[in-house]
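Q: Could you take me through one helix of this protein, step by step? I would like to see how a single part sits among its neighbours.

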Amino acid sequence: MTGVTLKNIKKSYGKTDVLFGIDLQIELGEFVVFVGPSGCGKSTLLRMIAGLEDITDGELYIEDVLVNDIPSAMRGIAMVFQTYALYPHMTVYDNMAFAMRIAKENKAKIDERVNAAADMLQLKPYLDRLPKALSGGQRQRVAIGRAIVRNPKVFLFDEPLSNLDAALRVQTRIEIANLKETLKDTTMIYVTHDQVEAMTLADRIVVLAAGKIEQVGTPLELYTKPANLFVAKFIGSPAMNIFKADVVKTGGNTCIKTKNGHQFDIPVKSLAGLNNQEISVGVRPEDFYLSDQESCLLSGEVAFVESLGEVTLLHLAYHEKENPVVVKIPGIVNKHKGDIVYLQAEQDKVHLFDPQGISLLYL
Ligand code: ADP
């Protein structure tokens, strides 16, 4: 049995197409994060799974049951919103018990479930309080508790941490990670634009852009093997450096030659057809290391230095203005504005993208 299956799911608002045929299979108990820039359609997709938006076309299955025409309340889902959406006049206990009371569950069972959820989320001391007497983090925990009490098949989170300050965000993120361990059999789908949340919580991440899936994979698959330039630049902070290079043939080898004249051997079969063409090369800031003039991939003048103690960020004035180069070196580095630095990277840390932005290595 799968948790949630999307088959060619489409969404249009009138004549505006928002989602263009999403295919995705989410395993039972899997924690999947939808991530992507604002407006890419991730909330719409979540709301369609929740039954809060009509499905224009395609099929949606929850635990192998077609639910396109099944109302939200009957789908076995529970949703946690960014805005908490608690009933302000009800205590924490009553907020959490509400759905079970509506479903006419018996009192003992309600009490047992509410207390278990309150235990899980350290809400026991607050059960008699009204939401207004709680911090933002506590309110969001109540919203999560209310969802747990319903014992859903699928737990849906729509940017649940966006309204919290930085410290509470970290704490609540850890609580959600713990929850994932406790509720092992519950499928969870989580929408965020925050890639740290995506990387730390997800079993698999779905990267969306402009209503389409760009790539699906584990956090480390997306980090180490981005399928295209969009994912390469979207996952990782500071973002992957991208610069242009020419594919050249020297002797029997096909190499890439960067614009400031350095040559780099990459024995990639797929380069062969691209002789004399310009491709994009990607290297993450943390994958560059300082080398010398003879053996570097790239060189540039230091434009400014950010010394953060544990790492030093060197920003280079590289000649491609739209693609500044950032280098992240562990510890304290004795480099200053105006210095010329020579950079190298291990071959398996150099990503190559064809003129259409598709990876030459990972497809
Ligand atoms: P995200 O959650 O990724 O920021 P949304 O799913 O909220 O994006 O929105 C995706 C696109 O659908 C956006 O372009 C948005 O303007 C559009 N959209 C969302 N809701 C409606 C609506 N009710 N009517 C028309 N367009 C909408």
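A: Happy to! A word on terms to begin with: helices and strands here are DSSP runs, with at least four residues for a helix and at least two for a strand, and they are numbered from the N terminus. Keep in mind that this is a predicted model. By that naming, the protein has eight helices and 20 strands. Its C-alpha atoms fill a box of roughly 80 × 45 × 35 Å along the principal axes, and 50% of the 363 residues count as buried.

Now let us look at helix H5, which runs over residues 166-182. H5 has 17 residues, and the span from its first C-alpha to its last is 25 Å, close to the 24 Å expected at 1.5 Å a residue.

Next, look at which residues of H5 are hidden. Leu168, Thr172, Arg173, Glu175, Ile176, Leu179 and Lys180 are buried. These residues lie on the same side of H5 because they cover an arc of only 165 degrees around the axis. On the other side of H5, Ala166 and Ala167 are exposed.

What do the buried residues of H5 pack against? Their partners include three helices you can find in the structure: H3 (107-120), H4 (136-149) and H6 (195-201). The buried residues also pack against strands E3 (31-35), E7 (154-158) and E8 (187-192).

To set this in the whole protein, consider contacts between residues at least 6 apart in sequence: 65% of them join residues at least 24 apart.

Definitions and conventions. Residues are numbered from 1 along each chain as its sequence is written. This is a predicted model: local features need pLDDT of at least 70, side-chain atom pairs count only at pLDDT 80 or more; totals for chains, interfaces and linings use all residues. Side-chain values use heavy atoms; hydrogens and water are left out. Buried means under 20% relative accessible area, exposed over 50%, partly exposed in between (1.4 Å probe, protein chains only). Contact means heavy atoms within 4.5 Å. The expected span of a helix is 1.5 Å times one less than its number of residues. The arc is that of the directions from the helix axis to the C-beta atoms.
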